[in-house]
Amino acid sequence: MFDKWFQRKKRSEKGGLTFVQVPRHIAIIMDGNGRWAKKRGLPRVAGHREGMNTVKKIVREADRLGVKILTLYAFSTENWKRPKDEVDYLMRLPEQFLKSYLPELIEKNVRVMVMGDESRLPEATQKAVNTAKEKTANNDGMILNFALNYGSRKEITDAVKGIAEKVKNGSLVPDEITEDIIENHLLSCHLPDPDLLIRTSGELRLSNFMLWQLAYTEFWFTDVYWPDFNESHLHEAIQQYCGRTRRFGGVVES
Ligand code: IPE
Ligand code: IPE
Ligand code: MG
């Protein structure tokens with residue numbers, strides 16, 4: 001059902017018949033792992049382990065649908081506040097994920113990217129992440145962008161510092177600071193803004209995620225916990241997105 005609808009939608013786009021395109025860049029705040037585990041009487045880390053399987057499932061489906069960029073919020077700059085055991089587990093997850101999944105990503109022509117302060121990640125995690133980035137650097141299929149130790153306020157603060165430095169050394173004058181210049185100093189500078197943001201687990205907030213980049217993004221929230229999120233939920237989000245009118249402050253004739 002969804003597949004037929006989706007193919008029709010894509011074809012009509014090519015024919016220039018519709019204003020609303022299928023999302024090129026989907027960003028997901030993967031939330032609710034802890035509550036998923038608690039509901040089952042399991043430790044929180046069991047939710048993170050199950051959440052990793054959801055990541056695989058959703059990466060596969062996004063790739064199959066032809067999504068160009070999938071950004072996944074995996075660890076925030078605020079998540080360091082959690083108990084050490086949980087942080088340690090979360091820090092090891094990227095390595096575990098890549099150990100079992102990198103061959104498939106390579107096979108699928110997916111390019112792995114990371115957005116965030118990698119310097120604070122354990123050495124083994126940095127190594128695994130760098131290997132994945134290197135081995136997929138020439139892939140030109142879907143971009144799988146992990147927000148890892150990412151915080152939007154830190155990202156913006158660092159951008160401001162970078163720009164201030166350029167003004168100080170004379171390579172830039174304040175009048176030349178445009179939105180493009182600011183964007184070029186963000187960690188996402190090589191990516192277009194997300195078209196669709198999904199947050200699971202019923203929380204209706206951004207939790208310091210891509211504050212600049214989400215200015216005109218369409219939001220879709222679900223009560224489903226991330227480990228229970230599946231292909232049908234992704235389809236529902238995409239279908240709802242396609243039914244919206246993005247005006248970007250202008251007027252769209254219907
Ligand atoms: C999301 O699930 C994963 C991370 C934030 C790393 P949570 O661990 O936040 O799960 P809840 O929100 O406590 O249920
Ligand atoms: C946001 O979820 C961060 C990630 C999904 C990685 P949190 O669970 O940390 O957000 P809050 O604390 O509920 O806002
Ligand atoms: Mg949470």
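The paragraphs below lead through the charged contacts, surface patches, backbone angles and cysteines of this predicted model.

A convenient place to begin is with the charged side chains, since a search of the whole structure finds 16 salt bridges. One of them joins Asp 31 to Arg 199, with 2.8 Å between nitrogen and oxygen. This pair links distant parts of the chain, for Asp 31 sits in the loop between strand S1 (25–29) and helix H2 (33–39), while Arg 199 belongs to strand S5 (residues 196–199), 168 residues apart. Both Asp 31 and Arg 199 are buried. For Asp 31 the relative accessible area is 16%, and because buried means under 20% relative accessible area, this value places Asp 31 in the buried class. Arg 199 has a relative accessible area of 4% and is therefore also classed as buried.

Asp 31 has a further charged partner in Arg 35, and in that salt bridge the closest N and O atoms are 3.6 Å apart. Here the two side chains fall into separate accessibility classes, as Arg 35 is partly exposed with a relative accessible area of 29%, whereas Asp 31 is buried.

Another salt bridge is found within a single helix, where the side chains of Arg 64 and Glu 61 meet with an N to O distance of 2.9 Å. Why are Arg 64 and Glu 61 separated by about one helical turn? The reason is their spacing, because the two residues are three residues apart in helix H3 (residues 44–65). Arg 64 is partly exposed, with a relative accessible area of 47%, and Glu 61 is buried, with a relative accessible area of 8%. Returning to the residues discussed earlier, salt bridges that share partners join Asp 31, Arg 35, Arg 199, Glu 203 and Arg 205 into one network.

The position of Arg 199 can also be described by a distance across the model. Arg 199, in strand S5, has its C-alpha atom 26 Å from that of Arg 120, and these two residues are 79 residues apart along the chain. A second such distance concerns Ala 137, which lies in the loop between helix H5 (123–135) and strand S4 (143–150). Its C-alpha atom is separated by 33 Å from that of Lys 81, the two being 56 residues apart along the chain. Ala 137 itself counts as partly exposed, at 32% relative accessibility.

Attention now turns to the surface. Lys 4, Arg 8, Arg 11, Lys 14 and Lys 68 form a positive surface patch. Within this group, Lys 14 is found in helix H1 (residues 2–14), and its relative accessible area of 75% is the reason why Lys 14 is classed as exposed. A nonpolar surface patch of about 220 Å² is made by Ile 156, Val 160 and Leu 211. Ile 156 is placed in helix H6 (residues 152–168) and is partly exposed, with a relative accessible area of 30%.

The backbone offers two residues for closer inspection, both in the loop between S5 and S6. Most residues other than glycine have a negative phi. Against that background, Ser 201 has a phi near 85 degrees, a positive value in a residue other than glycine, and Ser 207 likewise has a positive phi, near 50 degrees. Ser 201 is located in the loop between S5 and strand S6 (218–221), and Ser 207 lies in the loop between S5 and S6 as well. Are these serines buried or exposed, or do they fall in between? At 6% relative accessibility Ser 201 counts as buried, while Ser 207, at 31%, counts as partly exposed.

The last topic is the cysteines. A disulfide is a covalent bond between the sulfur atoms of two cysteines. How many disulfides does a search of the whole structure find? The search returns zero. Two cysteines can nevertheless be described by their surroundings: Cys 189 counts as partly exposed at 43% relative accessibility, whereas Cys 242 is buried, with a relative accessible area of 7%.

Notes. Residues numbered from 1 in each chain as written. Chains lettered and ligands numbered in written order. Predicted model: local features only at pLDDT ≥ 70, side-chain atom pairs only at ≥ 80, totals over all residues. Heavy atoms only, no water. Patch = residues over 30% accessible without salt bridge, like charges linked within 9 Å, V, L, I, M, F, W, Y side chains within 5 Å. Areas by Shrake-Rupley, 256 points an atom, 1.4 Å probe, with all protein chains shown as cover. Salt bridge = Lys/Arg side-chain N within 4 Å of Asp/Glu carboxyl O. Lys, Arg positive; Asp, Glu negative; His and termini not counted. Charge placed at Lys NZ, Arg CZ, Asp CG, Glu CD. Helix = DSSP H or I, 4+ residues; strand = E, 2+ residues; numbered from the N terminus. Buried < 20%, exposed > 50% of the residue type's maximum accessible area, 1.4 Å probe, protein only. Disulfide = S-S within 2.5 Å.
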